[in-house]
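User: I am new to this structure and would be grateful for a close look at a single part of it. Please explain each term where it is used.

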Amino acid sequence: MSDLETRPPAADAGNGLKRNAIGTGGIAFLVISAAAPLTVMAGVAPVAIGVGGIGAPMGYAIAGAVLLVFAVSFMAMTKHVKAAGGFYTYITLAMGKTVGLASAILAIVSYNCLQIGVYGLFAVQTQAMLLALFGLDVPWPAVALVAIAAVWFLGYRGIDVGAKVLGVLLIAETAILAIMGFGILARGGAEGISFASFSPEHAFTPGVLAILAVCFAAFMGFESTVLYRREARNPDKSVPRATYIAVGFMSVFYAFIVWTVIQAYGDGNVVVAAGELADGMFFATINQYVGPWAEVVMYVLIVTSVYASQLAFHNAINRYVYMLAKDGVLPAFLGRTHPKYKSPHRAGQIQTILAAVVISICAIAGADPYKQLLIWVNTPGIFGIVALQGLVSVAAFIYLRRNPAAATHRLLIPLSVTSAVLLFGVVALIAINIELLTFADALTNTILLLVAPVVFLAGLLIARRLRTTRPDVFARIGSFETHDS
């Protein structure tokens, strides 16, 4: 055992996360659910089609390919780093404790932006479902607060319970999209089946490059597989498998579904249809090609899809907070787990309170749940997570160069460099095309883009202060603990 891999004190043995709770499938369900496939397709894909044209499916394929390259170098480290601190641990190991702690703080803020912002989407989608099916007009803050309580409840009950629920919901939302896609193909679409979306003249246009930010947002959360290492069965195998399954599935599935929707309207008409129908495009499509019953089912499942995403992000946030508390950076009570469910319930309670406070402030301020709460709060989270992925790629390069034995294939180091260049390129594209995400003015966009770098800088300053004032805590940064199988 290396000096970086120290076991937790025996006195704390009863306060750990639940061991051997989930396998490859459970981890994959957790991270794919965080991405909310039905939500990102029905809610955001019409924007991608409207801007990217019929080449939009390639935007998702390109994003998946870049993230697959990232996953290869990322997983090369996880085989040798027996730790469960996610980005925090990997960056700390290769780039030092100061940068590592700053990355952890940025990860917590970014995931909270993603999780809390999506309550706005949950409220909007649930409002639409209740109005369409039951004629009920429920205030959006009430819907959001009920959702916060429901997310807290399952997060409190433990990772294995959450994974089972997410598995059922993910299968259901995937199934309804697949039914729509195959229904379109079975009826030959609007003008026959065309593969023009994948031709070079449509697949690599400025419009497709412009929507890459939207496409990368559809994969948010897949990288959190490593956070479940301590709770996984056979983590050396299950974590990498779940990561590759998540990236591979989402890449192919997203591209397939967007391509089938293009067939539903025809290459020459789909951009106009996306503009006119907007977020109602998928509902109109499934009604036409499958039937009214399927539209009703989609209304219900898009609500459960957003809920599944909320629960998955809630679990990821809680584990980051738990790790920082175990390392002494955050208050010790946040590093306690439930005596029965072994969930990081204290961290979950704090995250739940934070979400409720933000929702309440937005409601009092009269904020729009979609534009201000979802889009504006989500954008710094997307920016922060993609930037962290780029940093992890740099960390993988540094680690593999320092530890040649870990570079089990000669392509791993070149792939880590390629991944870093591509991901920081995506960060630049997000900044350049931020108006496609926010539809906001220049000042608002500038503020949203500054959140991630300001948080990271604050994290650096906090780490430097800890190094001077609390060297014992600084020395523990990184969550380097051996996984007890």
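The answer that follows concerns helix H15 and the loop between helix H14 and H15.

Analyst: This is a predicted model, in which local features need pLDDT of at least 70 and side-chain atom pairs count only at pLDDT 80 or more, while totals for chains, interfaces and linings use all residues. Residues are numbered from 1 along each chain as its sequence is written, and side-chain values use heavy atoms, without hydrogens or water.

The loop that joins helix H14 (292–326) to H15 holds His338; helices here are DSSP runs (H or I, at least four residues), numbered from the N terminus. With a relative accessible area of 10%, His338 is buried (under 20%; exposed is over 50%, partly exposed in between, with a 1.4 Å probe and protein chains only). Beyond its neighbours within four places in sequence, His338 is in contact (heavy atoms within 4.5 Å) with Tyr156, Ser343 and His345. The side chains of His338 and Tyr156 also share a polar contact of 2.9 Å (N or O atoms within 3.5 Å, one able to donate a hydrogen and the other to accept it).

After the loop, H15 spans residues 345–365 and includes Val357. In contrast to buried His338, Val357 is partly exposed, at 40% relative accessible area. Val357 belongs to a nonpolar surface patch with Phe333, Ile350, Ile353 and Ile361, and together these residues have about 450 Å² of accessible area. Such patch members have over 30% relative accessible area and no salt bridge, with nonpolar side chains joined within 5 Å and like charges within 9 Å. A salt bridge is a side-chain nitrogen of Lys or Arg within 4 Å of a carboxyl oxygen of Asp or Glu; areas come from the Shrake-Rupley method with a 1.4 Å probe.

Conventions. Helix = DSSP H or I, 4+ residues; strand = E, 2+ residues; numbered from the N terminus.
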